[in-house]
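Student: Got a minute to go through this one with me? I'd like to ask things as they come up.
Tutor: Sure, put it up and fire away.
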Amino acid sequence: MVAIHQHHYSIWTIQGCSTLISKQDCLEISRHVQPDIEGLHKSQENAYRGRLQYSVEYNFQSEEITVAVKQAASLKAMDSGGTSDPYVIVYLTNDTRKKHETKVHRKTLSPVFNESFTFKLPQTEVQDTEAVMQIYDFNRFSKHDVIGEVRILLRDMDLQHVIEEWKELNDPSSMEQERLGEICFSLKYIPVTSKLVVVILEAKKLKKMDNDGFSDPYVKVQLALNMKKWKRKKTGVKKNTLNPYFNEEFTFDVTLEQIQNVDLIISVWDHDKVNKNEQIGKLFLGCRASGNALRHWSDMLAHPRRPVAQWHNLQPAEIVDKILALKSHLKFPRPNR
């Protein structure tokens, strides 16, 4: 069993890191291993996109929530004629597969919708759930443009009463990424034996992939060397759960020279007996990573022979794959024995 500790990444030193990598490499990594500040200096001068009136009502007995889209006002004109054809998509972040949409209102910047949508929402999930209303401009022959959105964190609302209010639309560029879940694993590198040890501990709050509101998750652990696929292993499947516990250990032979150019790719999948297995989310670690992933990898290198455990947010597979840009499988000549 690997103990999970809170790590303070700012305290690891060049001296400790230099046991595995050169001083220059370590300095380079340490410059990048900083808290994520993306979006900290974003421009505050976003174009005004309009307002939306809505109401929210929660039924504690039936554990259902009703989101009513009332009307919008002063919407941003998206069409060349100075108008828009707006409609609204409504969903809850606890299950993004279930989405409802209003009717399209033609050539107006102040549509009156008056449509209501009801979702099942257990009281245990209210704390971490948001209600999202996204306004789109309908286009018959091209992609529909997002005008803006309203996002409501339900734990901040008094759900004992019906809430009705106006809110300004947020810039679509600031829309929050879909929540795919989190995964915890530990890393350990042993230079003397050239062993990289990965222990997949557990995951939580995974995206619901099956119709029953659960998933059948398993984890793939892959290595790529010099941007080419190299080695792969996977855990067993855990049935009907969004919070699986694995505690499975995998050991890879990775030399000190190779560890500098290795990408460790962790992906969570939903097993399906009938259809193709679906990927829930993934992330990668290594010297090409950034943020928490680079911190975790650097901490492992700085403390050889010691398991270092950390939680990570899963990212959309297409985003990670684009960054990795892996080539076809890597083949090595077998050593003579």
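Student: Which residue stands opposite Lys-228 in β12?
Tutor: That's Leu-225. Bear in mind that this is a predicted model.
Student: Noted. How many bridges join strand β11 to β12?
Tutor: Six, with β11 covering residues 217–225 and the two strands running antiparallel.
Student: And what's the strand order in the open sheet with β12 in it?
Tutor: The order is β12-β11-β14-β15, four strands with antiparallel pairing. The edges are β12 (228–234) and β15 (278–286), each pairing on one side only. From one strand to the next, the twist averages 25°.
Student: Which strands does helix α5 lie across?
Tutor: Helix α5, residues 291–302, lies across β14 (262–270) and β15, and runs at about 50° to β15.
Student: What about α6, what angle does that helix make with β15?
Tutor: About 35°. Helix α6 spans residues 317–324 and also lies across β14 and β15.
Student: Back to β12 for a sec. Where is Thr-235 found?
Tutor: In the loop between β12 and β13, where β13 is 245–253.
Student: Is Thr-235 buried or exposed?
Tutor: Thr-235 counts as buried, because its relative accessibility is 6% and the cut-off for buried is under 20%.
Student: What is Thr-235 in contact with, leaving aside its neighbours within four places in sequence?
Tutor: Ile-200, Tyr-218, Val-219, Phe-246, Glu-248 and Phe-250.
Student: Changing topic: cysteines. How many disulfides does the count come to?
Tutor: Zero. As for individual cysteines, Cys-184 is buried at 0% relative accessible area, while Cys-287 is partly exposed at 31%.
Student: OK, Gln-310 next. Which strand does Gln-310 lie in?
Tutor: Strand β16, which is residues 308–313. Gln-310 is buried, with a relative accessible area of 8%.
Student: What does the Gln-310 side chain reach?
Tutor: The backbone oxygen of Asn-292, at 3.4 Å. Asn-292 falls within the residue range of helix α5, 291–302.
Student: And how far is the C-alpha of Gln-310 from that of Arg-295?
Tutor: They're separated by 9.8 Å, and the two residues are 15 apart along the chain.
Student: Let's go to the other end. Which residue is the bridge partner of Ser-55 in β8?
Tutor: Glu-164. Strand β1 (residues 51–59) pairs with β8 (residues 163–168) over six bridges, in the antiparallel sense.
Student: And what stands opposite Ser-55 in β2?
Tutor: Ala-68. The pairing of β1 with β2 (residues 64–73) is antiparallel as well, over nine bridges.
Student: How many residues sit between β1 and β2 in their hairpin?
Tutor: Four. Glu-63 in the turn has a positive phi of about 55°.
Student: Where do side chains point along a regular strand?
Tutor: They alternate between the two faces of the sheet.
Student: Last bit, the whole chain. How many helices and strands does the secondary structure come to?
Tutor: Six helices and 16 strands. Of the 337 residues in the protein chain, 45% are buried.
Student: What share of contacts with a separation of 6 or more comes from residues 24 or more positions apart?
Tutor: 67% of them.
Student: And what area does the protein chain expose?
Tutor: About 18,700 Å², with carbon and sulfur atoms supplying 47% of it.

Conventions
Residues are numbered from 1 along each chain as its sequence is written. This is a predicted model: local features need pLDDT of at least 70, side-chain atom pairs count only at pLDDT 80 or more; totals for chains, interfaces and linings use all residues. Side-chain values use heavy atoms; hydrogens and water are left out. Buried means under 20% relative accessible area, exposed over 50%, partly exposed in between (1.4 Å probe, protein chains only). A polar contact is a pair of N or O atoms within 3.5 Å; within protein, one must be able to donate a hydrogen and the other to accept it, and residues adjacent in sequence count only if both atoms are side-chain atoms. Two strands pair if DSSP finds at least two bridges between them. Axes are lines fitted to C-alpha atoms, for helices over the stretch in contact, and angles run from 0 to 180 degrees between N-to-C directions. Contact means heavy atoms within 4.5 Å. A disulfide is a pair of cysteine sulfur atoms within 2.5 Å. Accessible areas come from the Shrake-Rupley method with a 1.4 Å probe; for residues, only the protein chains shown count as cover.
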